[in-house]
Number of protein chains: 2
Amino acid sequence: MRYALLLSYDGTHFCGWQVQKNARTVQGELEGAAEKLFGCKTKVAGSGRTDAGVHALGQVCHLDAQTPVPPERLREAFNALLPPDVRVLKSAAAPEGFDCTRGAKKKTYVYTAYSAPCELPLFDRYAVRLKEKPDLGKMRSAAKLIEGEHDFKAFCAAGSSAKTSVRTVYSVSVSEREEGGAAFYGLAVCGNGFLYNMVRILAGEIFEIGCGRRRETEILRAFETGRRETLAKTMPAKGLKLLSVDYGVPLFCGTEE
Amino acid sequence: MRYALLLSYDGTHFCGWQVQKNARTVQGELEGAAEKLFGCKTKVAGSGRTDAGVHALGQVCHLDAQTPVPPERLREAFNALLPPDVRVLKSAAAPEGFDCTRGAKKKTYVYTAYSAPCELPLFDRYAVRLKEKPDLGKMRSAAKLIEGEHDFKAFCAAGSSAKTSVRTVYSVSVSEREEGGAAFYGLAVCGNGFLYNMVRILAGEIFEIGCGRRRETEILRAFETGRRETLAKTMPAKGLKLLSVDYGVPLFCGTEE
């Protein structure tokens with residue numbers, strides 16, 4: 001029997017999603033909890049890896065188990081065994097043939113930055129400070145260039161094992177809000193898949209363009225040349241959150257409390 | 001020469017504002033930094049104390065010092081010496097006769113709660129989870145009863161040394177926003193002063209009324225009887241933030257970056 005879990009985690013104290021020896025990972029914590037719960041080693045597959053320090057509001061994973069616990073109660077069973085920085089928000093029996101890794105149709109990430117005269121203690125855990133106020137018009141114009149199907153080779157850190165670097169970005173939307181006396185900028189990026197560090201690289205480029213330190217033409221050049229060094233530096237992990245993974249079918253309907 | 005500082009801190013790892021022996025406090029960190037900066041013991045006065053675990057977005061403090069550092073640069077000098085969970089947002093020469101404790105005319109606190117099926121790792125540091133979705137209409141109606149000049153004796157934890165328990169609450173406003181798939185409820189309370197635990201007690205009562213577990217008549221009874229036990233329990237510290245302190249004069253104008 002296959003189960004799907006909707007997860008949220010604070011990436012601050014995790015060395016990313018994927019199990020590693022001698023490092024605390026989200027997958028490691030979940031597999032540890034699953035082993036206690038089901039009494040045997042249980043593999044937990046994720047929709048994709050998140051890097052060290054990256055957060056999640058809506059990561060999806062699946063696991064196969066034999067258990068008398070009703071699917072929608074697995075949530076509580078896991079939460080009783082997991083540390084507080086990772087929580088199961090919803091649990092359900094997976095649809096026939098469901099694979100959370102291969103079945104993911106769309107993913108949405110949000111990158112959050114703020115402008116303030118210094119790091120703000122209440123926000124700095126989940127967002128990155130910009131030294132200038134970015135121009136939203138410039139950011140939106142740059143964001144438009146990213147949308148569509150492109151070869152994102154230049155937007156990929158070294159060490160990627162992806163077969164192709166062509167991806168489709170459905171939308172890049174820029175939002176602004178005021179909180180606690182600071183201006184916050186959100187960059188929501190929705191696509192059919194992302195290369196290694198791709199969202200953090202494109203966020204870096206768009207924020208730099210917004211702050212007037214770089215230009216749109218660099219994005220066009222990056223698409224043409226495929227050269228990583230054409231673009232701005234990768235933004236820090238802490239500003240990135242995996243917001244949701246879309247499978248084209250509702251996975252957790254009817255399990256809302 | 002007197003200086004005013006605008007502060008933000010994450011209260012999670014502080015035993016409150018006020019200096020204590022063998023405990024980490026915001027005032028203690030500031031006085032430690034001031035001693036290093038000015039080469040002599042320097043008292044730092046706050047607009048008021050905040051409890052252990054309570055956060056601040058706009059606390060105000062003052063200190064007297066002889067220093068060649070220009071007033072608006074004190075910000076950076078302090079930030080270079082302070083730990084990252086407390087930051088000086090702005091610094092300025094204080095107006096003639098300024099006293100940050102006695103001169104405070106209005107303070108605004110915000111209490112934040114959210115409703116979700118479990119604790120949300122990315123939000124649980126600065127907000128408190130409600131098990132139900134509160135009714136905003138009921139909360140707003142209860143909030144109206146708090147506004148005005150009242151004897152808030154029942155809204156005060158034991159151990160207060162205040163001479164009078166009469167305070168004026170100028171406004172209690174209830175807001176709702178959606179973030180990361182959860183509903184967040186903010187209770188902004190502005191008044192001429194607050195008793196010990198007063199905001200956390202009134203937030204507890206208003207959220208309980210919103211969740212249908214208590215009634216407005218209890219607020220009226222609390223004003224009549226002055227009995228603490230008439231009201232709901234005190235909400236946890238982590239949901240509370242000191243948003244701003246108003247002195248009737250701008251303290252930091254012209255220091256914006």
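**Interface, salt bridges and cores in a predicted two-chain model**

In this predicted model, chain A and chain B bury about 2100 Å² between them, and carbon and sulfur atoms give 69% of that area.

User: Which residues of chain A lose the most area to chain B?

Analyst: They are A:Pro117, A:Pro121 and A:Leu122, which together account for 32% of what the side of chain A buries. The contact as a whole takes 29 residues from chain A and 29 residues from chain B.

User: How many salt bridges and how many polar contacts are found between chain A and chain B?

Analyst: The rule finds 0 salt bridges across this interface. For polar contacts, the count is 2 residue pairs, both residues being at pLDDT 80 or more. Several elements of chain A give two or more residues to the side that touches chain B, including strand E1 (2–9), helix H2 (74–81) and strand E10 (240–246). The element that gives the most is E4(A), with 4 residues. By residue type, the side of chain A that touches chain B divides into 15 nonpolar, 4 polar and 10 charged residues.

User: Why is the pair A:Glu132 and A:Arg213 called a salt bridge?

Analyst: The N to O distance between the side chains of A:Glu132 and A:Arg213 is 2.4 Å. A salt bridge requires a side-chain nitrogen of Lys or Arg within 4 Å of a carboxyl oxygen of Asp or Glu, so the pair qualifies. The two residues belong to distant parts of the chain, 81 residues apart: A:Glu132 is in the loop between strand E6 (128–130) and helix H3 (136–146), and A:Arg213 is in the loop between helix H4 (198–210) and helix H5 (217–225). A:Arg213 also meets A:Glu208 in a salt bridge, again with 2.4 Å from N to O.

User: What makes A:Glu132 and A:Arg213 buried, exposed or partly exposed?

Analyst: The relative accessibility of A:Glu132 is 32%, and that of A:Arg213 is 45%. Buried means under 20% and exposed means over 50%, so values in between count as partly exposed. Both residues are therefore partly exposed.

User: How do you know that B:Glu119 and B:Arg129 form a salt bridge?

Analyst: Their closest N and O atoms are 3.6 Å apart, and the cut-off is 4 Å, so the pair meets the rule. B:Glu119 lies in the loop between strand E5 (106–115) and strand E6 (128–130) of chain B, while B:Arg129 lies in strand E6 of chain B. Over all chains, the whole structure has 36 salt bridges. In chain A, salt bridges link A:Arg24, A:Glu29 and A:Asp85 in a network.

User: Why is A:Thr50 called buried?

Analyst: A:Thr50 has a relative accessible area of 5%, and buried means under 20%, so the term applies. A:Thr50 lies in the loop between strand E2 (44–46) and E3 of chain A.

User: What makes A:Thr50 and A:Tyr9 a polar contact?

Analyst: Their side chains are joined at 2.7 Å, and the distance limit for such a pair of N or O atoms is 3.5 Å, so this distance satisfies it. Beyond its neighbours within four places in sequence, A:Thr50 is also in contact with other residues, among them A:Trp17, A:Tyr109 and A:Leu242.

User: Which residues have the most contacts inside the largest nonpolar core?

Analyst: This core has 87 residues, and A:Leu30, A:Phe78, A:Ile146, A:Phe155, A:Leu187, A:Ile206 and A:Phe207 have the most contacts inside it. H4(A) supplies the largest share, 8 residues. Leaving out residues up to four places away in sequence, A:Phe78 touches several residues, including A:Leu5, A:Leu30 and A:Val88.

How values were computed
Residues are numbered from 1 along each chain as its sequence is written. Chains are lettered from A and ligands numbered from 1 in the order in which they are written. This is a predicted model: local features need pLDDT of at least 70, side-chain atom pairs count only at pLDDT 80 or more; totals for chains, interfaces and linings use all residues. Side-chain values use heavy atoms; hydrogens and water are left out. Contact means heavy atoms within 4.5 Å. Buried area is the accessible area (1.4 Å probe) that two parts lose on being put together, summed over both. A polar contact is a pair of N or O atoms within 3.5 Å; within protein, one must be able to donate a hydrogen and the other to accept it, and residues adjacent in sequence count only if both atoms are side-chain atoms. Ala, Val, Leu, Ile, Met, Phe, Trp, Tyr, Cys and Pro count as nonpolar, Asp, Glu, Lys and Arg as charged, and the others, Gly among them, as polar. Buried means under 20% relative accessible area, exposed over 50%, partly exposed in between (1.4 Å probe, protein chains only). A nonpolar core is a set of buried Ala, Val, Leu, Ile, Met, Phe, Trp, Tyr and Cys residues joined through side-chain atoms within 4.5 Å.
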